[in-house]
Amino acid sequence: MAETIPCNPTARAGRRFLVTGAKGFIGAWIVKALVERGDKPWVFDIDADTSRLAALLTLEQMTSVGMIEGDVTQFSHVERAVADRGITHVLHLAGIQVPFCAADPLRGAMINVVGTINVFEAARKHRDLVESIVYASSAAVFGPEEMYGGGTVPEGAPLLPGTHYGVYKQCNEGNARVYYWDNGISSVGIRPGAVYGVGRDRGMTSGPTKAIKATVIGRPYTIRFTGGVDLQYIRDTAHVFLRCSQACLTGARLYTLRGDVMQMSEFLNCLGEILPASKTLVRAEGQALPVSYDFDDSALQHDLPGAQRTPLAEGIRETAAIFERLQREGKLDTRDLES
Ligand SMILES: NC(=O)c1ccc[n+]([C@@H]2O[C@H](COP(=O)([O-])OP(=O)(O)OC[C@H]3O[C@@H](n4cnc5c(N)ncnc54)[C@H](O)[C@@H]3O)[C@@H](O)[C@H]2O)c1
């Protein structure tokens, strides 16, 4: 095993964060958290659309964010972003989700797997700069509930992904391990479950957020899955990414996240209590998710105790309030409700 790079946390003034996929849902909330505490993050994304960031940041905050248009599948784009900006902390969120990987597995592998290799290669080439890599893995590295015999899936349970997406994430976790063994490059892979909140407008588990949005504008909406789900509020998810980014953790760590574990019927009840109109507007139908939903997160609790866990009712209230504000301002994008 290679020597670990000694952790020498850069003082605040010298910290430079690169957030790949930062125009997406989780990335935008990480950028928001960084800006609110006075950091200037660099946004790296292939998409020109800044609407998710604009929904969360003020105009003034938007001007404090550095924008890099780049493609994670191109090593030169990632490498230049790291070298030219003197990046010390990489938060790698760029990727495409379950339905898009299923529709185009080749593109999925290029973005989700090769893109992640490019991030590690850039860090290897610029190990004098990069002191931390945190990347988005997923609870989809696990298989469906029935493969684990019911109950809470323990830490260290076998990875049996049932989707291309989950296999790609498993592959990234394996590559991260090899980068640590061969090159001493430490990393943290975070495995979120079904994250919800403003900006969650695509992917297999985007239904609960879309149901909140549809209710706010008085439109009927059908969530396309039933059964159990672990709903994790985005503010908490972004918080975990940032804590891990600065925690000086060595090795190839992996943390499974846990939020509010429930049945879809319980989500609908909670939504109905907060937004009564949803009782007639929102329903759920379809199969259960192809991924387990009840996970032990004791590794994270052990290494970084005190992770915040926003109760579902509070997360729904906050999400609805932001959607209502955006609607009043004429900025609520509802195109996702068509899909
Ligand atoms: N949202 C969830 O519930 C959830 C759960 C588990 C894991 N994850 C993972 O977290 C990460 C972020 O998820 P999200 O919900 O924010 O997704 P998202 O689809 O909202 O955002 C992904 C971002 O990646 C960008 N991107 C795609 N291809 C790119 C490329 N080639 N180069 C540069 N940028 C590219 C997109 O433009 C987008 O802005 C993903 O890796 C996802 O697999 C998300």
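This passage walks through a predicted model, from its overall build to its sheets, its ligand shell and a couple of single residues.

Starting with the whole protein, the chain folds into 13 helices and 12 strands. Along the principal axes, the C-alpha atoms take up a box of roughly 60 × 50 × 40 Å. For 339 residues, a compact globule would be expected to have a radius of gyration near 20 Å, and the protein, at 19 Å, agrees with that. Of the 339 residues, 46% are buried. Contacts also reach across the sequence: taking those between residues at least 6 apart, 80% link residues that are at least 24 apart.

Next come the sheets. Strands of a sheet pair through backbone hydrogen bonds, and they do this either parallel or antiparallel. One open sheet has 7 strands, which run in the order β3-β2-β1-β4-β5-β6-β10 with parallel pairing. At its edges stand β3 (66–69) and β10 (252–256); each has a single partner strand, so one side of each has no neighbour in the sheet. Going from one strand to the next, the twist averages 15 degrees. At the β3 end, β2 (residues 42–45) pairs with β3 in the parallel sense over 4 bridges, and Asp-45 sits opposite Glu-69 in β3. Helix α1 lies across four strands, namely β1 (17–20), β2, β4 (89–92) and β5 (132–136), and it runs at about 160 degrees to β1.

There is also an open sheet of 3 strands, ordered β7-β9-β11, and here the pairing is mixed. Its edge strands are β7 and β11 (260–263), each of which pairs on one side only. In this sheet the twist averages 40 degrees from one strand to the next. Strands β7 and β9 (residues 228–233) pair in the parallel sense, over 3 bridges, and Ala-194 has Leu-231 in β9 as its bridge partner. Helix α9 packs on this sheet, where it touches β7 and β9, and its direction makes about 70 degrees with that of β9.

Some of these elements turn up again around the ligand. The ligand is surrounded by 29 residues, and the closest are Gly-21, Gly-24, Gly-95, Ala-136 and Val-195. At least two residues of the shell come from each of α1 (25–36), α6 (105–125) and β7 (194–196). Helix α1 gives the most, with 3 residues. Sorted by character, the shell holds 12 nonpolar, 11 polar and 6 charged residues.

Finally, two single residues are worth a look. Cys-248 is found in the loop between α9 (234–245) and β10. Its phi is near 55 degrees, a positive value in a residue that isn't glycine. Cys-248 has 13 other C-beta atoms within 10 Å, so it counts as partly exposed. Asn-183, for its part, belongs to helix α7 (residues 164–183). With 16 C-beta neighbours inside 10 Å, Asn-183 is partly exposed too. Although Asn-183 and Arg-124 are 59 residues apart along the chain, their C-alpha atoms are separated by 7.6 Å.

Definitions and conventions. Residues numbered from 1 in each chain as written. Predicted model: local features only at pLDDT ≥ 70, side-chain atom pairs only at ≥ 80, totals over all residues. Buried ≥ 20, exposed ≤ 12 C-beta atoms within 10 Å, placed from the backbone. Near = placed C-beta within 6 Å. Nonpolar A, V, L, I, M, F, W, Y, C, P; charged D, E, K, R; others polar. Rg over C-alpha atoms; globule rule 2.2 N^0.38 Å. Contact = placed C-beta atoms within 7 Å. Pairing = 2+ DSSP bridges. Axes fitted to C-alpha atoms, helices over the stretch in contact; angles between N-to-C directions.
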